[in-house]
Amino acid sequence: MTSETLRVLNTMLGDPTDEWYGLELSKQARLQPGTIYPMLDRLLRAGWLERHWEEIDPSLEGRPRRRLYRLTGHGARCARLAIDEQMASLQPERAPRWTPTPRGSAA
Amino acid sequence: MSAPGLVLLVFVGGIAVAVARALVVDEAKGQLRRRTAASVERTIDSMSLELQEEWAEEWRADLAKIESMPFTALRFAANLRRTARELTRERELATVAETALGARGRRAFGESSGPRRAIARLTAEAASHPATFVARIILAVRAMRRLALQYPRTVLYAAAVLSLGTAAQALVKIFTSDTRVAIVIPGVLILLAALVGRRGYRGP
C-alpha cells in the first residue's frame, strides 16, 4: 500500500462516519489535486469505501452536486490494520543491550 | 506644469494603470479558466464511455470548486490527464486479471462480468475489428507482465502449483493408464496445494 493511500485512509479514519468529496479529501491528505481518483477507484472495488451523490438541488445551491465517499465497516477495520502495520514497521529495531565487560576478564 | 496639475496627472495616471492592470489580470484569468475547462473536457473525451459515465460529472464538480484558483485548477487538469491514463490501464488490467483468475479475480477486483463475458467480447471484437484485437492482445501481454511485476509472489505461487500438478500427473501415468486416475490424483494435489498455500487478499 502506498503512503498516499495510507494518508487518505488516515484522514478518513479521523471520523469514519464522515463523508468526503474527492477534492476535499485530497486537500486534507495533502495530495496533488486530481491525483486521488485512481486510489478511490481501487478502494471502492476492494469494498473499503462506498460512495453516493449528494442530494441537493444544484440550481438552489448554485453549485453542482458532489460525489461523497465514506469508509465501510470492513474498510475502517482494514484501514486501521494497515495503518497499525505500517506504524509497527516504522518502529526502530531495539538495539542489543550493551553490558560493560568486567575489568580484567578479557584474555 | 504647476504642482496641483502634476498631482492630478499622477492621480489620473495611477487610476488608468490600475484599471488596465485589472483588465489584463481578468483577461488572463478568463483565458486560464477556459483553457483549464477545455483541457479537462479533452481528458474526459479521451476515456472510454464507461469511465466517462463514472467520473466526468465528479471531475466537473471538483473543477467548479477550484476554478477561481487558476493555478490549482491548471495543476488539477494536468494531473487528471495522468489519472485518466491510470484508470484506463487499471481497467484493462482488471479485465485481464479477471479473465485469468476467474472467480477469485472477480472477488478481488469487484467486477460483475465473468471470464466468459470477457472472452465473448474479445471474440466479437476480433471478428469486427482485427486491428483492435491485435492491439488488445499487445495490451493484455503488457498488463500480464505488469501483473507479474506487481505480484511476483502470486505468479510464482501459481507457477509452482501448476508445475506440481504436471509433475504429479506424469508420475501417476507411470503407474496407471487409467485417464480418470491420472486426472483425479493431480487434481486433488493441486487443490490441496492451493488450499495450503492460499494467501488472503490484503487489499489494494
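## Where chain A meets chain B

Leaving out residues up to four places away in sequence, A:Tyr37 touches A:Gly22 in chain A, plus B:Trp55, B:Thr83 and B:Leu87 in chain B. That makes A:Tyr37 a handy place to start looking around this predicted model. You'll find A:Tyr37 in helix α3 of chain A. Is A:Tyr37 buried or exposed? It has 21 C-beta neighbours inside 10 Å, and the cut-off for being buried is 20 or more, so A:Tyr37 counts as buried. Another residue to find from here is A:Ser26, which sits 11 residues from A:Tyr37 in sequence and 9.2 Å from it in space, going C-alpha to C-alpha.

Now zoom out to the whole meeting place of the two chains. How many residues of each chain are in contact with the other? The count is 24 residues on chain A and 21 on chain B. On the chain A side, helices α2, α3 and α5 each put in at least two residues. The largest share comes from α3(A), with six residues. As for the kinds of residue on that side of chain A, 11 are nonpolar, six are polar and seven are charged.

Next up is the largest nonpolar core, which has 29 residues. Which of its members touch the most other members? Those are A:Ile36 and A:Leu40. Both chains feed into this core: from chain A, α1 (3–13), α2 (22–28), α3 (37–45), β3 (67–71) and α5 (73–90) each supply at least two residues, and from chain B, α2 (49–66) and α3 (70–101) do too. The largest share, six residues, comes from α3(B). If you skip its neighbours within four places in sequence, A:Ile36 is in contact with A:Val8, A:Gly22, A:Leu25, A:Ser26 and A:Leu31. Notice that A:Gly22 turns up on this contact list and on the one for A:Tyr37.

Over in chain B, have a look at B:Trp59, which is found in helix α2 of that chain. B:Trp59 counts as buried because it has 24 C-beta neighbours inside 10 Å. Not counting residues up to four places away in sequence, B:Trp59 touches B:Val40, B:Ile44 and B:Leu80.

Here are the two C-alpha distances to try out in the structure:

| Pair | Separation in sequence | C-alpha to C-alpha distance |
|---|---|---|
| A:Tyr37 and A:Ser26 | 11 residues | 9.2 Å |
| B:Trp59 and B:Ala77 | 18 residues | 9.5 Å |

What is chain B built from, in helices and strands? It has eight helices and zero strands, so to speak a run of α-α-α-α-α-α-α-α when you read along the sequence. Of the 204 residues in chain B, 12% count as buried. Take the contacts in chain B between residues at least 6 apart in sequence: 47% of them join residues at least 24 apart.

Chain A does have strands, and three of them form an open sheet in the order β1-β3-β2, with antiparallel pairing. At the edges are β1 (20–21) and β2 (49–53), each pairing on one side only. In general, strands of a sheet pair through backbone hydrogen bonds, and the pairing can be parallel or antiparallel. Between β1(A) and β3(A), which run antiparallel, there are two bridges. To spot a bridge yourself, find A:Tyr21: its partner in β3(A) is A:Leu68.

How values were computed
Residues numbered from 1 in each chain as written. Chains lettered and ligands numbered in written order. Predicted model: local features only at pLDDT ≥ 70, side-chain atom pairs only at ≥ 80, totals over all residues. Core = buried A, V, L, I, M, F, W, Y, C linked by C-beta atoms within 7 Å. Helix = DSSP H or I, 4+ residues; strand = E, 2+ residues; numbered from the N terminus. Contact = placed C-beta atoms within 7 Å. Nonpolar A, V, L, I, M, F, W, Y, C, P; charged D, E, K, R; others polar. Pairing = 2+ DSSP bridges.
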